[in-house]
Amino acid sequence: MATTTGTPHCTVDGTRPPAASIHPMVPFRQVLPAPGRGCHALIARLPGSVQARQVHRGWEEAAQRWPALLRSPLWETSVPAPQNAPAARERARREALRPVLGARSPLRAVLLRYADGVADLVLVADHSRVPRVVLDQIADAVVTGSAPTATLPLPLPLPDEAAPPPARWAPVEWGLGDPNRARTVSARTLVLPRLAGHGIQTVAGAVALTLARYSGESAVRLGLIDADGDRYETAVVCVGDIDEEQSPADYLTQIDTALDTACGPEAGPGLPALGVVFSSGNGDRVHLPFQTPPFPLTIHVAERPDGSSEASCWFDEGAVCPPVAAMFCAGVERLTARLAGDAGEPTLSMIPLLAPEETARILRLGRDDVPPPGTGGVRIDQRFEEGARQWPDAVAVVDDEGELTYRQLQERADGVAAGLRAIGLAPASKVGVCLDRDASLVIALLGILKAGCAYVPMDRQYPPERLRYVVEDARLSVVITDPADFPAIGGVRAVPLTDLSAAGDRDRRAPRSPRTADVPAYVIYTSGSTGRPKGVVVPHRNVISLLDATAEECALGPDDVWTLFHSSAFDFSVWEIWGCLLTGGRLVVVPYWTARDADGFRGLLAEQRVTVLNQTPSAFVPLSQADRRAEGDLSVRLLIFGGESLDVRLLAPWFARYSPTRCRVVNMFGITETTVHATAHPVTPADVVTGSRTVGRALPGWSVSVRDPRGRVLPPGAAGEIHIGGAGLAEGYLGRPDLTAQRFVIDEETGERLYRSGDRGRLRPDGRLDHLGRLDDQVKIRGHRIELGEIRSVLAADPRVSAAVVTVRQASADDPASSRIDGYVVLAERCGTREILADTRRLLPDYMVPATLTEISSVPLTTNGKPDMARLPQPSSGPGGRSGGEEGAGDAPGPGGLAAEILGIWSRCLRTAAAPDDNFFELGGNSLLVLRVITAMREKGMPEISPRDFYINSNASRFIRLVEERRGGENRDES
């Protein structure tokens, strides 16, 4: 390719541009200069009869007329390609994109001579000093010798050297830009139809509709610049309430109205990140109004008098990555063509954003079509029996009472199965289980499956009414439990496990039931949006598919030691129990009280040399803190997170102690309705630095896609509802056909059955899924749409904060304006909440700053290890204030001696004054705060109190008597 020499070319802000490079998806790249200080260019095609010497003579004459403007010579270069060849057009475009330094000569000219004898004159000038009309007149004078008509003093004075403040662009949430590539601009050509005089209306309408589908909002903002005038002023166009049920014609009328109406300041903060630039052609001349785009994503359309146009899409890779930009531009092309062609669609909703082949490619991107090895008609109990024959003498389960080998576990479960048959329970029945977390629980679950039945787990900590509801809703006739601790329910038989085993020992001749992997293995109840728990029915084949999809990748095998940490009523336990026992591992059952003692749990992990650890992020925080206090390292080689969104930044201390090569950390996303897990992502320290929200790619046999409320597949980058399909889909909700039909849907295009998760996410161009929180985590405060997760992330990012929770309260049920945001933080260091709130104000707009910020000692958790919002204390009164948690609270008068010391510890940990008649948990205490009190007492040399004893003696006066008794006992022992 020929090049010119002479005046050095550089960006307007004085930095030298990189050499032009070709990206496989874009024709060129460049570095974005300072806003408002760029050049514009005119490419004028010369008539075939004009000779080069005439052009040079015309240039000399023009230079005499504009001596202050045309100081540089006319450069000339040859291009070895005919004028209409792509290489020639690209050469002219590249020359037009080479900036000029405007201090001495604000204009540069190049004559490009092509192989077919024709030529282009390329004029480049600083648009703040040389308007478009002057470029046209110079071209006229050089080519035809016509006299200039400009009356402006040229060049215009240099602008004030004080650079304007950088533009504050609105974020491009769907752009997936790379901050490391900020200010690197790429471009691609757009192919648009003839616009027949309606270019601005049609293109702006197509861009607005494309943006609405990408953003998921019905109201969007665009920047609009008319580049035909002397000054390029940005108009902000607001297109509100796009109704996709209206006709295209009505929609274009709406766009016309929006183009004529200026947006008010309430439309949104910052300039729109996406804008459209229009310029008109003049015969065979093409005007490029900007060499660097005025918006992070800019659509430029140059219309010719015949209705044809040249169009391009420019994008800053710091805001929009090339694959996402390419698909966005393809959507603009498609919608422009449909709106301009008036194809007869009755509504906007009938105009697709994606071509069928693009939709198919995106669906392939979100699935792993390779079926997991071995998946078939195998039941859970059959797979266990295969393992028991392979490892009969290996230890299967460990609890406080001892160990069970695989052979022993098999025999005891067979006894339970025989006992269920002996009491007349038919195959395919559902059996309730409400037992403490120990080996007996595992025996019961396996025995139920061996009997051909499905288990319905219930947590021992459930209140009686919740237990009653599950039993009645599932229509259970038998519950394996301790009858003394279970509510009496008419028609329901509460059977101790020992009675079943005894019945099985008396009659083991009952025939085995027919076995199929398509029958339910369990029914787990989850919370419902209406407040009514709903039972999710999961068949055997789903669990086997999950294990087949993950065992090889996670290298699960007989050398592994797992923990059963979670409640059997939480589906994470399905992965813990069967993930271990169906791969030959040893399952260590974590007692209820040990699970609530971070130091005790950490000690158990070390003692049992646990290698596979499964945690919710909320439960992991105190464990990680306990690990930092302890001596020696753990043996954990695989740490799996699930159950809730993971803020990867909390892993920084863990990675500082355990490298990823020693302990692999995997973030898995799934739902009870999709059998525990559906995606997996190995977390790295790089993810911690970037704050990655990815949950990885679909497991083999699963599929993920992101769709809009109409069920249409969305392109990578666009946020919508996560839909999951494939091997893990549950049968549905027990006895709830309407709800099942609502949440489990059929894709009309592919026929695939999908689960609408209610989770918000976006697909990345490489097939990874980002989890963006619950759809119902989105709220409106005083008309502003707010994601509570964003506020939570900002609080959690503060180095003084170790955990954060954000909620919305409405003071008056009939007054939406009374809604406010309340924040809660667990502090990692001693400081005031006012300081944190002040820093938050610097990161969030006023309407997103919490009205109150309350310090809590730990985030209260449900039995499933998730944040328990109902147990948060009352918020502080006023911004950053404290309702009773002023530093030093609790120094109120009280009894002296040991009692005063204990009440002082309670008060400081609870951040409110504690009196002898108070109950620790009624003051806002929780399981994690119990640990803080115990630690503080230990530091003061007080007797050791177990978490269990604390719970039993949670009244302050009783607790004080317990400590006094323990201290008295210690003194007697010493004497």
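Val543, Leu546, Leu547 and Thr550 in helix H13 meet Val574, Trp575, Trp578 and Gly579 in helix H14. This helix pair belongs to a predicted model. The chain has 975 residues, with 26 helices and 38 strands. The points below cover the helix pair, a five-stranded sheet, a parallel strand pair and the chain as a whole.

**The helix pair H13 and H14**
- Two packed helices are described by the angle between their axes and the distance between the axes.
- H13 spans residues 540-550, and H14 spans residues 572-581.
- Their packing angle is about 70 degrees, and their axes lie 11 Å apart.
- H13 and H14 are therefore roughly perpendicular to each other, because angles of 65 to 115 degrees count as such.
- The crossing of H13 past H14 is right-handed.

**The five-stranded sheet**
- This sheet is open, and its strand order is E3-E4-E5-E2-E10.
- Its pairing is mixed.
- Strands E3 (74-79) and E10 (285-288) stand at the edges.
- Each edge strand has a single partner strand, so one side of each is left without a neighbour in the sheet.
- From one strand to the next, the twist averages 20 degrees.
- Inside the sheet order, strand E2 (residues 39-45) pairs with strand E5 (residues 119-126).
- E2 and E5 pair in the antiparallel sense, over seven bridges.
- Within this pair, isoleucine 43 has valine 122 in E5 as its bridge partner.

**Helices lying across the sheet**
- Helix H1 (residues 52-65) lies across E3, E4 and E5.
- Helix H2 (residues 86-96) lies across E2, E3, E4, E5 and E10.
- H1 runs at about 170 degrees to strand E4 (107-114).
- H2 also runs at about 170 degrees to E4.

**The parallel pair E23 and E24**
- Strand E23 (residues 612-615) and strand E24 (residues 638-641) run parallel, joined by four bridges.
- Glutamine 615 has phenylalanine 641 in E24 as its bridge partner.
- Which way do the side chains of E24 point? Leu638 and Ile640 point one way, while Leu639 and Phe641 point the other way.
- Leu638, Leu639, Ile640 and Phe641 are all buried.

**The chain as a whole**
- Buried residues make up 55% of the chain.
- Take the contacts between residues at least 6 apart in sequence: 68% of them join residues at least 24 apart.
- The accessible surface comes to about 41000 Å².
- Carbon and sulfur atoms account for 50% of that surface.

Key: Residues are numbered from 1 along each chain as its sequence is written. This is a predicted model: local features need pLDDT of at least 70, side-chain atom pairs count only at pLDDT 80 or more; totals for chains, interfaces and linings use all residues. Side-chain values use heavy atoms; hydrogens and water are left out. Helices (H or I, at least four residues) and strands (E, at least two) are DSSP runs, numbered from the N terminus. Buried means under 20% relative accessible area, exposed over 50%, partly exposed in between (1.4 Å probe, protein chains only). Contact means heavy atoms within 4.5 Å. Accessible areas come from the Shrake-Rupley method with a 1.4 Å probe; for residues, only the protein chains shown count as cover. Two strands pair if DSSP finds at least two bridges between them. Axes are lines fitted to C-alpha atoms, for helices over the stretch in contact, and angles run from 0 to 180 degrees between N-to-C directions. Angles under 35 degrees count as roughly parallel, over 145 as roughly antiparallel, 65 to 115 as roughly perpendicular and the rest as oblique. A crossing is left-handed if the near helix is turned anticlockwise from the far one by less than a right angle, and right-handed if clockwise.
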